[in-house]
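The following exercises concern the arrangement of two chains and of the elements within them. Each task is followed by a solution that proceeds step by step.

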Amino acid sequence: MSAHHRLELPLSEADVRGLAVGDLVTLDGEIVLTAGLPTHERIREHMEQGRALPIDLKGAAFFHLGSMSRDAAGGFEVLYMNPTTSTRFNPFMPDFIRRFGLRAVGGKGGLDDACAKAMAEMGCVYLSFLGGGAQLHTGAIREVVEVAWNDLVAHYRLVKLRVEGLGPLTVAIDAHGNNAYEQLKQTAAERMPGILAELDRERGGA
Amino acid sequence: MAITYEAVKALSADLYVWSLKKIPEDTKAALAEAEAAESNPSARETLTMMRRSAELAETTDSYVCSDSGVPVYVVKLGTAARLDGDIKQAIVDGFEHLVATIEPPILAHVTNPLTLERGHAGKDMPLITWDLIGGADYLDMTCAPKALGSGRWAALEIFSFPGLDVIERYVMDCVMKAGSQHCPPVVIGVGIGGSFDHCAKLAKLATLRPIGEPNPEPVLADMEARLRKAVNATGFGPMGTGGDTTALAVHVDYAAGHGFTPVAVCFNCWINRRTRARLYDDGRVERIE
């Protein structure tokens, strides 16, 4: 049976180790988000050059969410947000998870086993957001804490938000090396000979 | 009376806005049906959230997804329709007007593939497929914005005199490659035959066919039912939660060709963005979906 956890950010290692694939999570507190490949490249450059990031990622919940932000009276406003596919950031994530001690990452579509390995080592989970859930996710935004790198297009910026009741999100990779996406792929691959045999049988009978 | 530049410009923008805020009725019904039939609790919960998200967007006049995609239109012009003005430019201008005026603004997804710079305009944008309808006195326009999530997984391969078994295995290969990254449950379009470009177009147009309308050719109707069952047996499920619902529908179409047979496969994510209207000579707009 999967559990539903309401968790306060920042997450502790114990919070994260207590989660299992399939659990649901609802979050309160500060999250950092971006949907940009150039953003990930910039973060890596900063890491390599030993420079501080404009938004600290230490122990953060760092999500692959695209958001629309714009300059308004009194600072940036964020109009909506929604997940993007995480797998294209696979090459960056193991280093980020280890270097910053990220406690939660997420978006949609998952990450590969190299990322899952780093997550198990450090104590970090991958949280799956509903794709096409812009209104559900946006409704949880309480405050725009900071918008950095606003020379980039809106969804590439590094954005820090305070959220309340963000979720439910699904634990899709836990901190014990279990990766739901890899498990699903494996299950589908195991079923495939039977599926193809059934296709052949039905076609033959048609 | 004639179909004017202004009318086409306005309709191009309207269709785009509608597609961002409302999912098609057939898709709503298919999601409800899937939710009722789903045996996996996490998958069922995900389908419930999808339906709630779609309803919330529609009732609050806001976007279902943050990725508004790139503008993709299918325009079928009746051969008996009269035109007044450059309707091709009208679609370009309609999208430009939309970008300038839509609230909240849409994100900059139009990408120059050579520099990876992003904006709202670019070469060949909007992407338009043109066709003719013999004898009709209207212009039939579909808008189906395409985003990375499901656009990324389309594929085409060319076979030589393939049997149906080879074609179906290729479809399943594409399904395996996409896994659950294209925001399932998806609508899958399959094109068979024709030429390289024609086949891709068949697959694309097949995704736009309303759910629940099988191909009129019995051979393909059977293939659609068989493939849908096969795809759902993989167990990827809604957003990769496992379960019985990976595809809402599989739509197949074909064209005669040579012995080299392209097979194209493409996907629409669960929000299945698609709006369509007809524009008549007298300026009347008939919204179809």
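**Exercise 1. The contact between the chains**

Task: Determine how many residues each chain brings to the contact, and which element of chain A gives the most to it.

Solution. The model is a predicted one. Step 1: chain A contributes 44 residues to the contact and chain B contributes 46 residues. Step 2: on the side of chain A that touches chain B, at least two residues each come from strand S3 (61-72), strand S4 (75-83), helix H5 (134-138), strand S8 (158-173) and helix H6 (180-205). Step 3: H6(A) gives the most to this side, with 15 residues. Step 4: sorted by class, the side of chain A that touches chain B holds 19 nonpolar, 17 polar and eight charged residues.

**Exercise 2. The build of chain A**

Task: State how many helices and strands chain A has, and compare its radius of gyration with the globule rule.

Solution. Step 1: chain A has six helices and eight strands. Step 2: read from the N terminus, its elements follow the order β-α-β-α-β-β-α-β-α-β-α-β-β-α. Step 3: the radius of gyration of chain A is 19 Å, close to the 17 Å that the globule rule gives for 206 residues, so chain A is as compact as a globular protein of that length. Step 4: along the principal axes, the C-alpha atoms of chain A fill a box of roughly 70 × 35 × 35 Å. Step 5: 47% of the 206 residues of chain A count as buried. Step 6: of the contacts in chain A between residues at least 6 apart in sequence, 64% join residues at least 24 apart.

**Exercise 3. The five-stranded sheet of chain B**

Task: Give the strand order of the open sheet of five strands in chain B, then assign B:Val285 to its strand and say whether B:Val285 counts as buried, partly exposed or exposed.

Solution. Step 1: the order is S6-S2-S7-S12-S13 in chain B, and the pairing is mixed. Step 2: strand S6 (127-133) and strand S13 (285-287) of chain B are the edge strands, each pairing on one side only. Step 3: from one strand to the next the twist averages 20°. Step 4: strand S12 (residues 275-280) of chain B runs antiparallel to S13(B), and three bridges join them. One pairing is that of B:Ala277 with B:Arg287 in S13(B). Step 5: helix H1 (residues 5-21) of chain B lies across strand S2 (72-78), strand S7 (138-143), S12 and S13 of chain B, at about 160° to S12(B).

Step 6: B:Val285 belongs to strand S13 of chain B. B:Val285 counts as partly exposed because it has 15 C-beta neighbours inside 10 Å, whereas a buried residue needs 20 or more. Step 7: leaving aside residues up to four places away in sequence, B:Val285 touches B:Leu11, B:Ala277 and B:Leu279.

**Exercise 4. The four-stranded sheet of chain B**

Task: Establish the order of the four strands in the open sheet of chain B that has S8 in it, and identify the helix that lies across S8, S9 and S11 of chain B.

Solution. Step 1: the order is S8-S11-S9-S10 in chain B, with mixed pairing. Step 2: the edge strands, each pairing on one side only, are strand S8 (155-160) and S10 of chain B. Step 3: neighbouring strands of this sheet are turned by 15° against each other on average, direction ignored.

Step 4: take the pairs in turn.
- S8(B) and S11(B) run antiparallel and are joined by six bridges; B:Leu156 stands opposite B:Ala264 in S11(B).
- S9(B) and strand S11 (residues 260-268) of chain B also run antiparallel, with six bridges; B:Ile192 has B:Val263 as its bridge partner in S11(B).
- S9(B) and strand S10 (residues 247-255) of chain B are parallel, with eight bridges; B:Gly193 has B:Ala255 as its bridge partner in S10(B).

Step 5: strand S9 (residues 186-193) of chain B is mostly covered, eight of its eight residues being buried. Step 6: helix H6 (residues 164-178) of chain B lies across S8, S9 and S11 of chain B, at about 35° to S11(B). Helix H7 (residues 196-207) of chain B packs on the sheet as well, touching S8, S9, S10 and S11 of chain B, and its direction makes about 150° with that of S9(B).

Key:
Residues are numbered from 1 along each chain as its sequence is written. Chains are lettered from A and ligands numbered from 1 in the order in which they are written. This is a predicted model: local features need pLDDT of at least 70, side-chain atom pairs count only at pLDDT 80 or more; totals for chains, interfaces and linings use all residues. Two residues are in contact if their C-beta atoms, placed from the backbone, lie within 7 Å. Ala, Val, Leu, Ile, Met, Phe, Trp, Tyr, Cys and Pro count as nonpolar, Asp, Glu, Lys and Arg as charged, and the others, Gly among them, as polar. The radius of gyration is taken over C-alpha atoms; the globule rule is 2.2 Å times the number of residues to the power 0.38. A residue is buried if 20 or more other C-beta atoms lie within 10 Å of its own, exposed if 12 or fewer, and partly exposed in between; C-beta atoms are placed from the backbone. Two strands pair if DSSP finds at least two bridges between them. Axes are lines fitted to C-alpha atoms, for helices over the stretch in contact, and angles run from 0 to 180 degrees between N-to-C directions.
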